[in-house]
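Dear colleague,

I am passing on a structure that you have not worked with before, and I would be glad if you could look through it at your own pace. My notes on it come after the display.

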Amino acid sequence: MLADPASQLYAALGLRKSVQATFFDRATPEAMWAQMQSGKIEDLTSVLREWIGYKLWIPPKQDQAFQQGGVFVFEGDECVFAWRDRATGDHVDFDLVLQACRI
């Protein structure tokens with residue numbers, strides 16, 4: 001896992017960052033619907049229940065709240081797998097990541 005306070009690597013990897021991508025991209029409701037269909041939304045619900053009572057974390061730069069993530073697998077200097085989240089909730093199928101890692 002990488003946290004990039006300066007957002008330089010996020011930009012270099014081509015990860016999306018905008019209000020549009022975070023809230024208004026068609027991929028957001030599609031991803032949420034897929035999670036509801038698969039039952040994974042329950043995982044999110046249980047995590048959110050745990051967050052109640054914790055102090056809200058605010059990123060150092062306001063626009064970082066709109067940063068979309070991704071998953072990258074490198075073998076040496078070569079990127080052998082890349083996934084860039086299109087929108088909120090649009091996460092990689094982790095089996096694909098494991099395959100890329102040859103696990």
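Below is what was found, beginning with the chain as a whole and going on to particular places in it.

Please keep in mind that this is a predicted model. The protein chain has an average pLDDT of 84, and 95% of the residues score at least 70. Confidence varies along the chain, with strand β2 (residues 78-84) having the highest mean pLDDT of its elements, at 96, and α4 the lowest, at 70. As a general caution, predicted coordinates should not be read in detail where pLDDT is low.

As for the overall build, the protein chain contains 5 helices and 2 strands, and read from the N terminus these elements follow the order α-α-α-α-β-β-α. Taken along the principal axes, the C-alpha atoms fill a box of roughly 40 × 35 × 30 Å.

The largest pocket holds about 1400 Å³ of space. It is lined by 41 residues, of which W51, D85, T88, G89 and H91 are the closest to its centre. Two or more lining residues come from each of α3 (27-38), α4 (41-51) and β1 (70-75), and when the lining is sorted by class, there are 22 nonpolar, 12 polar and 7 charged residues. Since α4, which contributes to this lining, is also the element with the lowest mean pLDDT, I would ask you to bear both points in mind together.

On the surface, V19, F23 and F24 make up a nonpolar patch, with a joint accessible area of about 330 Å²; F23 belongs to helix α2, which covers residues 19-24.

Finally, the structure has 5 salt bridges. One of them joins K17 to D63, with 3.0 Å between the closest N and O atoms. This pair connects distant parts of the chain, 46 residues apart, as K17 sits in the loop between α1 (8-12) and α2, while D63 sits in the loop between α4 and β1.

With kind regards

Technical notes:
Residues numbered from 1 in each chain as written. Predicted model: local features only at pLDDT ≥ 70, side-chain atom pairs only at ≥ 80, totals over all residues. Heavy atoms only, no water. 1 Å grid on protein atoms, 1.4 Å probe; cavity = no way out; pocket = protein on both sides within 12 Å on 5 of 7 lines; lining within 4 Å. Points joined across faces, edges and corners; volume = space filled by probe spheres on them. Helix = DSSP H or I, 4+ residues; strand = E, 2+ residues; numbered from the N terminus. Nonpolar A, V, L, I, M, F, W, Y, C, P; charged D, E, K, R; others polar. Patch = residues over 30% accessible without salt bridge, like charges linked within 9 Å, V, L, I, M, F, W, Y side chains within 5 Å. Areas by Shrake-Rupley, 256 points an atom, 1.4 Å probe, with all protein chains shown as cover. Salt bridge = Lys/Arg side-chain N within 4 Å of Asp/Glu carboxyl O. pLDDT = per-residue confidence, 0-100.
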